[in-house]
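Good morning, and thank you for the time. I would like to present one structure today; please look at it with me before I begin.

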Amino acid sequence: MAFESDDKAKAYWSENIRLVLGLLAIWFSVSFLFGIVLVEPLNEIRFFGFKLGFWFAQQGSIYVFVALIFVYVAKMNAIDRKYDVHED
């Protein structure tokens, strides 16, 4: 990965870190807030026959985490192309 300038490298890593922090915030919200903190209010709602808070704690956070992996890959490929550091 050879950047033409130090500014370009800093912009690349800044965009990368911003993406990672955004995805971590989503993951934290789903796993901690929805699965632990807000479990009681969410349990008032049914989702496929299960209490929504229970579903987030047991399965929802895993599904969201896997989806975030695919989002990260797609977004990083776009960022790599934008800064011309892609592998293909």
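I shall speak about a pair of helices and then about two individual residues.

This is a predicted model, in which local features need pLDDT of at least 70 and side-chain atom pairs count only at pLDDT 80 or more, while totals for chains, interfaces and linings use all residues. Residues are numbered from 1 along each chain as its sequence is written, and side-chain values use heavy atoms, with hydrogens and water left out.

Let me start with the helices, which are DSSP runs of H or I with at least four residues, numbered from the N terminus. Helix H1 spans residues 6-37 and helix H3 residues 52-82; their axes come within 9 Å and cross at roughly 170°. The axes are lines fitted to C-alpha atoms over the stretch in contact, and angles run from 0 to 180 degrees between N-to-C directions. H1 and H3 are therefore roughly antiparallel to each other, a term used for angles over 145 degrees. By class, their contact has 17 nonpolar, six polar and four charged residues. Here Ala, Val, Leu, Ile, Met, Phe, Trp, Tyr, Cys and Pro count as nonpolar, Asp, Glu, Lys and Arg as charged, and the others, Gly among them, as polar.

Is alanine 9, in helix H1, buried or exposed? Alanine 9 counts as buried, because its relative accessibility is 14% (buried is under 20% relative accessible area, exposed over 50%, partly exposed in between, with a 1.4 Å probe and protein chains only).

Finally, isoleucine 45 sits in the loop between helix H2 (39-42) and strand S1 (46-47), a strand being an E run of at least two residues. Isoleucine 45 is partly exposed, at 41% relative accessible area.

Terms used:
Parallel < 35°, antiparallel > 145°, perpendicular 65-115°, else oblique.
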